[in-house]
Amino acid sequence: MDQSIGWFYETRAQAVIKALGRNRIQASFARDAAEAAAKTLAMIPQGASVALGGSLTLSETGIMDGLRQAPLNLIDRFAKDLSPEESLSRLRQGLQADFFLAGVNAVTEQGELVFVDASCTRVGPILFGPRKVILVTGCNKIVPNLAYAQERIRHFVAPANAKRLGRKTPCAQTGQCADCDSPDRICNATVVIHKQADAQRLHVVLVGQELGL
Ligand code: SF4
């Protein structure tokens with residue numbers, strides 16, 4: 001990556017970290033995926049129970065692999081060959097986990113976190129349940145404000161994710177949102193975290209490279 005891009009991402013990230021702090025959301029910067037993985041895994045004590053939200057970023061950073069090798073009680077809802085019943089059971093167990101890890105769809109310069117979700121299995125535990133939530137995100141998701149966040153989600157995140165997940169939606173065919181009524185609709189809920197009541201619960205790791213969707 002060109003040095004100027006790294007400078008740009010870090011400079012924006014440091015401003016966003018201050019804004020998140022004003023909203024009682026902890027945050028830190030990692031220069032790259034490897035540093036993000038090391039910082040994230042270091043925050044989780046041995047033996048803690050850890051649940052997961054669907055996230056390309058957790059895979060791309062190597063955090064998923066690290067979690068699977070660490071001495072933790074990983075409630076791995078993405079383990080191979082899970083029955084639908086076991087998958088649902090793990091989602092429910094995850095609501096009471098010590099830690100919940102996920103990505104973010106957009107972070108505003110005012111320190112707001114924006115998520116889009118189909119079934120709310122990601123946003124549910126982010127809002128309440130697990131004692132600590134760590135959100136890992138590339139600096140490519142920093143946007144000027146909530147209007148830009150909505151545009152990013154509607155015109156990029158949702159169509160690209162619908163395609164990635166094989167959803168039968170108009171956007172997975174055309175790349176454009178049709179504000180559909182499809183049962184496969186991927187953007188059933190849009191959630192904005194403006195501020196936190198508990199200043200110790202959320203921690204955002206901003207990574208100085210492009211990651212995820
Ligand atoms: S509303 Fe439908 S078409 Fe639009 S992004 Fe969401 S899933 Fe795709």
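How do the residues of the shell around the ligand divide into nonpolar, polar and charged? In this predicted model, the shell holds seven nonpolar residues, one polar residue and two charged ones. The residues that surround the ligand are A158, T169, C171, C177, A178, D179, C180, R185, I186 and C187, a list in which a residue counts if one of its heavy atoms lies within 4 Å of the ligand.

The ligand itself sits in the second largest pocket, which encloses about 210 Å³ of space. This pocket is lined by 15 residues, and those closest to its centre are R154, A158, C177, R185 and C187. Two elements, α7 and the helix α8 (170–174), each give two or more residues to the lining of the second largest pocket, with α7 providing the largest share, four residues. Divided by character, the lining of the second largest pocket comprises nine nonpolar, three polar and three charged residues.

Turning from the ligand site to the largest pocket, one finds a volume of about 610 Å³. Its lining consists of 29 residues, among which G54, S55, N161, R164 and L165 lie nearest the centre of the largest pocket. The elements that contribute two or more residues to this lining are α3 (56–60), β6 (113–117) and α7 (146–164), while the division by character gives twelve nonpolar, eleven polar and six charged residues for the largest pocket.

The helix α7 thus appears in both descriptions, since it gives two or more residues to the lining of the largest pocket and also two or more to that of the second largest pocket.

Terms used
Residues numbered from 1 in each chain as written. Predicted model: local features only at pLDDT ≥ 70, side-chain atom pairs only at ≥ 80, totals over all residues. Heavy atoms only, no water. 1 Å grid on protein atoms, 1.4 Å probe; cavity = no way out; pocket = protein on both sides within 12 Å on 5 of 7 lines; lining within 4 Å. Sits in = over half its atoms within 2 Å of the grid points. Nonpolar A, V, L, I, M, F, W, Y, C, P; charged D, E, K, R; others polar. Points joined across faces, edges and corners; volume = space filled by probe spheres on them.
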